[in-house]
Structure formats: structure tokens, C-alpha cells
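Hello,

Here is the structure I promised to pass on to you. Have a look at it first, and then read on for what turned up in it.

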Amino acid sequence: MNALTLPDIATQASRQALPLEWVGMCGIALPILLEGDRLTATADAGVSLDNGEARGIHMSRLYLALQMLEQETLSPALLRRLLQCFLDSHSGLSNSAYLKIRTDLLLKRPALVSALAGWKTYPVSIEARLKNAMFHVELKIDVPYSSTCPCSAALSRQLIQQQFIDDFANRALQHADVLAWLGSPKGIVATPHSQRSVAQLSLHLDDHLEHLPLIALIDDAEAVLGTAVQTAVKRADEQAFALANGQNLMFCEDAARRLNLALRQSTGISGFHVRVVHAESLHAHDAVAESYWNREAA
């Protein structure tokens, strides 16, 4: 008996001739090599279907091409080669290719004072496009931090002043009495409200970058914000964190401006969109600020 040729339905002509902007797969599980580690990731991969007469693309070719990500450290150059492979495998069908990778970067971060350290995850996504030989890479990172409200801090200080007046009115001030008062619950009659916040960074990368500067960007963002959330702490670390927050009061507008000015100085970034979210502890809604920058428009 002669072996029958397996049918390839995708090569059949479409019943309704019409090009499609994107066809592919979403949520593909795969490992990637990033910052020296093998990480679990998911990917969305696809191409345009510019030949409206073709019934479909060859999704298995895209899936098999993704194996390149298992063998090399993720970089803009690797992404470009992978997208070109997508297009080469769909010659005559597609003019543009797209890939989005999502993962969590796991970094060990030291405590502020003690020798402790702990792990913290940073959600990361990388989007790459290749269309008509034009290549674009966008890197997205979420950086959590703590923010203390300047307005609430000023109101709290005023209440502490008033409590001091009430408690020491018509009394001769003694150093020991004032010191004891400052260490009592009365001494800190009010505290400013703080909230866990997040900086959502969307960064357009230069095409010539040899690697994805993830850790450097995270370090720069945490340094300029000043109050990165902590992992393992002792009481000395918690006290140092309280001191950092007290000396680092900021509205969401302050955080957005700090990040804008810092990211402009980062190597390999041609533009960005910064979105900071302060998950209010006073209100039932969030305080949000956004900022954009493009090197060509600057």
C-alpha cells in the first residue's frame, strides 16, 4: 500500500480573500535565559497574514523557532533573529512578525542594615516587532516601592506640635521630661499615611543593545525612588526603613518626575512611558501620575 501524503489545509486558498493583521499563538509556555538564570516564561508569537488568498499561517513553524530562546541569553539581537526566522518561514505570506515574552525576574535583595537578604520578584515583559525591516523592542518592568504622603506628614507634625503645647503649657521644660514625652504614645500622637506603590516602566530600547539591562534599570529606579519595599528584615532594618520614608516624602507626581529625569540618563533607552501608582491608604482610590519621553522629540 502506498503511503498517503498528509493534507496541508493551511496551503489551501481562503474562501474569503482578506489579509489579517495578526495570526499566531498566545500563552506558550517555555524557558528563557535571562540575567544568567533559566526562567519560566510565557510567549505570544505571531505574524501578519498579508496574502489574503492564503487560508492560514504555519503555527508549528513559529512554535519550533521559539526553541532558539532555550539556547541563548535573551537579547535584542536574538529577538531580531527569531522574528526574521518567523518571516523567513512564511515567505510570501507575511511582512511583519511579533513576539511578547512575560516572566518574573527573581532577585535577591539585601536588608538595609542587617546581614539578612531575601528574594523579590519583578514582573517583566519584552515585546519585539519586525516589520518591513524595521525592528522595535520594548521592555516593561514593574518596580514596587513605599511612598509617604507629604501632606499627611505635615498634618501629623502639626498635631504633634499641638499635643506638645497641651502637655507642656505653663511648665518649665526639662530635658528628661521632653525625652520621655517623645518616646511615649503621646509624643507621636499622629502618623502620616504611607502606601505600597508601583512604578510601571515601559522602555523603548535602542536596536544596537547587546543585552537587556534589566537589573541596572531596576537598581536605578529603586535608587532614585529611595524606598524600595523590603524582604527579610530585623528591627534595625524596619527602623531604617521608617527613617527612609520619613526623609523621603513624595506624591505620585514627585515619583514620576524623579523617574523621568533618571531614565533619560540611562544608556540604550530611546524613549519611555512611566506610570506610577500609589495605592492610597487614605482613599478608596489610587493616585496615579504618568510621564513620557522620546529622544527624537526632545
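Cys252 has a relative accessibility of 8%, so it counts as buried, the cut-off being under 20%. Please keep in mind as you read that this is a predicted model.

Since we are on cysteines, how many disulfides are there? The count comes to zero. Cys151 takes part in no disulfide, and its nearest cysteine sulfur, which belongs to Cys149, lies 5.2 Å away. A disulfide would need the two sulfur atoms within 2.5 Å, so this pair does not qualify. Cys151 is partly exposed, because its relative accessibility is 43%. Cys252 is in no disulfide either, and for Cys252 the nearest cysteine sulfur is again that of Cys149, at 9.8 Å.

Now to the helices.

Two packed helices are described by the angle between their axes and the distance between the axes. Helix H5 covers residues 214-225 and helix H7 covers residues 252-263. Their axes come within 9 Å of each other and cross at roughly 135°. That angle makes H5 oblique to H7, and the crossing is right-handed. Which residues of H5 and H7 meet? From H5 there are Leu217, Ala221, Val224 and Leu225, and from H7 there are Ala255, Arg258, Leu259, Ala262 and Leu263. Sorted by class, this contact of H5 with H7 holds eight nonpolar residues, no polar ones and one charged residue.

Another helix pair to look at is H3 (residues 150-168) with H4 (residues 175-182). Here the axes come within 12 Å and cross at roughly 135°, so H3 is oblique to H4. H3 passes H4 in a right-handed crossing. On the H3 side the contact is made by Ile160, Gln163, Phe164, Asp167 and Phe168, and on the H4 side by Asp177, Val178 and Trp181. The residues of this contact of H3 with H4 divide into five nonpolar, one polar and two charged.

Next, a few residues in loops.

Asp206 and Asp207 are worth finding together. Asp206 sits in the loop that runs between strand S6 (194-205) and H5, and Asp207 is placed in the loop between S6 and H5 as well. Are these residues buried or exposed, or partly exposed? Asp206 counts as buried, because its relative accessibility is 11%, whereas Asp207, at 44%, counts as partly exposed. Leaving aside neighbours within four places in sequence, Asp206 is in contact with Gly268, Ile269, Ser270 and Arg295. With the same neighbours left out, Asp207 is in contact with Pro76 and Phe135. If you would like a distance to check on screen, the C-alpha atoms of Asp207 and Thr121 are separated by 27 Å, and these two residues are 86 residues apart along the chain.

His58 is in the loop between S2 and helix H1 (59-65). Its relative accessible area is 13%, so His58 is buried. The C-alpha atoms of His58 and His90 are separated by 7.5 Å, with their positions 32 residues apart along the chain.

Finally, the backbone angles.

Most residues other than glycine have a negative phi. Which values of phi do Glu35 and Asn132 have? Glu35 is not a glycine, yet it has a positive phi of about 50°. Glu35 lies in the loop between strand S1 (20-34) and strand S2 (37-49), and it counts as partly exposed because its relative accessibility is 31%. Asn132 is also a residue other than glycine with a positive phi, near 50°. You will find Asn132 in the loop between strand S4 (117-131) and strand S5 (134-148). With a relative accessible area of 56%, Asn132 is exposed.

I hope this helps you find your way around. Do write back if you have questions.

Best wishes

Notes
Residues are numbered from 1 along each chain as its sequence is written. This is a predicted model: local features need pLDDT of at least 70, side-chain atom pairs count only at pLDDT 80 or more; totals for chains, interfaces and linings use all residues. Side-chain values use heavy atoms; hydrogens and water are left out. Axes are lines fitted to C-alpha atoms, for helices over the stretch in contact, and angles run from 0 to 180 degrees between N-to-C directions. Helices (H or I, at least four residues) and strands (E, at least two) are DSSP runs, numbered from the N terminus. Angles under 35 degrees count as roughly parallel, over 145 as roughly antiparallel, 65 to 115 as roughly perpendicular and the rest as oblique. A crossing is left-handed if the near helix is turned anticlockwise from the far one by less than a right angle, and right-handed if clockwise. Contact means heavy atoms within 4.5 Å. Ala, Val, Leu, Ile, Met, Phe, Trp, Tyr, Cys and Pro count as nonpolar, Asp, Glu, Lys and Arg as charged, and the others, Gly among them, as polar. Buried means under 20% relative accessible area, exposed over 50%, partly exposed in between (1.4 Å probe, protein chains only).
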